[in-house]
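Visitor: Please take one part of this model and go through it closely. I would like the residues, their surroundings and their contacts in one account.

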Amino acid sequence: MAITKKFGSFDSFKAAFKDEAAKQFGSAWTWLIVDKSGNLQITSTQNQDNPLMRNAVVSGTPILALDLWEHAYYLGYQYKRKNYVDAFFEVIDWKKVGENYEAALEK
């Protein structure tokens with residue numbers, strides 16, 4: 001599995017992804033991307049920005065996105081963004097993420 005190869009274990013990936021999400025303030029996104037070298041990376045963007053944009057700090061093809069805008073979680077989690085991020089991992093369709101990964105490698 002590419003995640004294990006890059007991050008050492010799924011738990012390490014999960015911790016790194018959650019840590020990146022926790023560092024974001026306000027309207028943001030956290031992404032798992034495939035960079036131009038075909039490597040997985042975790043990155044974040046503010047507001048409407050994304051890793052496909054020319055001004056992206058870390059650019060690449062998104063294969064998984066976590067919406068951290070308040071409208072995404074407030075009704076279900078109020079100010080408890082961490083609980084929202086934890087719950088996100090319970091609903092990810094990893095088969096689809098794998099398909100997205102394969103498609104990104106083909107580009």
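**Strand E2, the loop after it and the largest pocket**

Guide: In this predicted model, the lining of the largest pocket divides into 5 nonpolar, 4 polar and 3 charged residues. The pocket holds about 160 Å³ of space. Its lining is made up of Val34, Asp35, Lys36, Gly38, Pro51, Leu52, Ser59, Gly60, Thr61, Ala104, Leu105 and Lys107. Keep Pro51 in mind, as a lining residue.

Now turn to strand E2. Thr43 sits in this strand. Its relative accessible area is 6%, under the 20% cut-off, so Thr43 counts as buried. Leaving out residues up to four places away in sequence, Thr43 touches Glu20, Trp29, Thr30, Trp31, Ile33, Pro51 and Val58. Pro51 of the pocket lining is thus one of the residues in contact with Thr43.

Thr45 also lies in strand E2. Its relative accessible area is 9%, so Thr45 is buried. With the same sequence neighbours left out, Thr45 touches Ala28, Trp29, Trp31, Asn50 and Pro51. The side chains of Thr45 and Trp31 are joined by a polar contact of 2.9 Å. Trp29, Trp31 and Pro51 are each touched by Thr43 and by Thr45.

Next comes the loop. Strand E2 covers 40-46, strand E3 covers 61-67, and Asn47 is in the loop between them. Asn47 is partly exposed, because its relative accessible area is 38%. The backbone of Asn47 deserves a look. Most residues other than glycine have a negative phi. Asn47 is not a glycine, yet its phi is positive, at about 50°.

Terms used:
Residues numbered from 1 in each chain as written. Predicted model: local features only at pLDDT ≥ 70, side-chain atom pairs only at ≥ 80, totals over all residues. Heavy atoms only, no water. Helix = DSSP H or I, 4+ residues; strand = E, 2+ residues; numbered from the N terminus. Buried < 20%, exposed > 50% of the residue type's maximum accessible area, 1.4 Å probe, protein only. Contact = heavy atoms within 4.5 Å. 1 Å grid on protein atoms, 1.4 Å probe; cavity = no way out; pocket = protein on both sides within 12 Å on 5 of 7 lines; lining within 4 Å. Points joined across faces, edges and corners; volume = space filled by probe spheres on them. Nonpolar A, V, L, I, M, F, W, Y, C, P; charged D, E, K, R; others polar. Polar contact = N/O pair within 3.5 Å; in protein donor to acceptor, adjacent residues only side chain to side chain.
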